[in-house]
Amino acid sequence: MKTGIHPEDYRLVAFKDMSNEDVFITKSTAEAKENITIDGVEYPLIKLEISRTSHPFYTGKTKLIDTAGRIDKFKNKYKKFKKEEKSE
């Protein structure tokens, strides 16, 4: 292995899944702007949108997204801007 190319500043960091509030601690070099206290110990906090505890591949559960409702809302919102067709 080449020397001097790997980070030296590994430390314990808390990662928090914001979708289900799950927190896990592991070593990382990621920069954190916030801190969290767990069992009386303060850790740098990295917030995640999705993790192994909420990803459908790992949980086997899928979330139903109302795409038809979204499309209908969009069409209703912007139908006033629709160009009128000219008849000959």
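**Overall layout.** I began with the secondary structure and counted 2 helices and 4 strands in the protein chain, in what is a predicted model. Reading along the sequence, I noted the order β-β-β-β-α-α. I then looked up burial for the chain and found that 16% of its 88 residues count as buried, while the chain exposes about 8,400 Å², of which carbon and sulfur atoms supply 52%. For contacts between residues at least 6 apart in sequence, I recorded that 38% join residues at least 24 apart.

**Strand E1.** I looked at two residues of this strand, which covers residues 11-17. Leu12 lies in E1 and is partly exposed, its relative accessible area being 42%. I found Leu12 again in a nonpolar surface patch with Val23 and Ile25, the three together having about 210 Å² of accessible area. Asp17, also in strand E1, has 0% relative accessibility and therefore counts as buried, since the cut-off is under 20%. Which residues does Asp17 touch, leaving aside those up to four places away in sequence? I listed Asp22, Leu48, Glu49, Ile50, Ser51, Thr53 and Ser54.

**The E3-E4 hairpin.** I next checked strands E3 (residues 34-38) and E4 (residues 41-48), which run antiparallel and are joined by 5 bridges. Within this pairing I found Glu34 opposite Leu45 of E4. The two strands form a hairpin with 2 residues between them, and I noted that Asp39, in the turn, has a positive phi of about 55°.

**Aromatic pairs.** My search of the whole structure returned 3 aromatic pairs. One of them is Phe15 with Phe24, a stacked pair with 5.6 Å from centre to centre and 15° between the planes. I compared the accessibility of the two partners: Phe15 counts as buried at 13%, whereas Phe24 is partly exposed at 21%. I then turned to Phe74 and Tyr78, whose ring centres are 4.9 Å apart and whose planes stand at 45°, so I entered the pair as tilted. Both residues belong to helix H2 (residues 67-78), and because they are 4 residues apart there, about one helical turn separates them. Is Phe74 buried or exposed? With 53% relative accessibility, Phe74 counts as exposed, while Tyr78, at a relative accessible area of 38%, is partly exposed. I closed the entry with the cluster in which ring pairs link Phe74 and Tyr78 with Phe81.

Conventions. Residues are numbered from 1 along each chain as its sequence is written. This is a predicted model: local features need pLDDT of at least 70, side-chain atom pairs count only at pLDDT 80 or more; totals for chains, interfaces and linings use all residues. Side-chain values use heavy atoms; hydrogens and water are left out. Patches are made of residues with over 30% relative accessible area and no salt bridge: like charges are joined within 9 Å, nonpolar side chains (Val, Leu, Ile, Met, Phe, Trp, Tyr) within 5 Å. Accessible areas come from the Shrake-Rupley method with a 1.4 Å probe; for residues, only the protein chains shown count as cover. A salt bridge is a side-chain nitrogen of Lys or Arg within 4 Å of a carboxyl oxygen of Asp or Glu. Buried means under 20% relative accessible area, exposed over 50%, partly exposed in between (1.4 Å probe, protein chains only). Contact means heavy atoms within 4.5 Å. Two strands pair if DSSP finds at least two bridges between them. Rings of Phe, Tyr and Trp (its six-membered ring) pair if their centres lie within 6.5 Å; planes under 30 degrees apart count as stacked, over 60 as edge-to-face and the rest as tilted.
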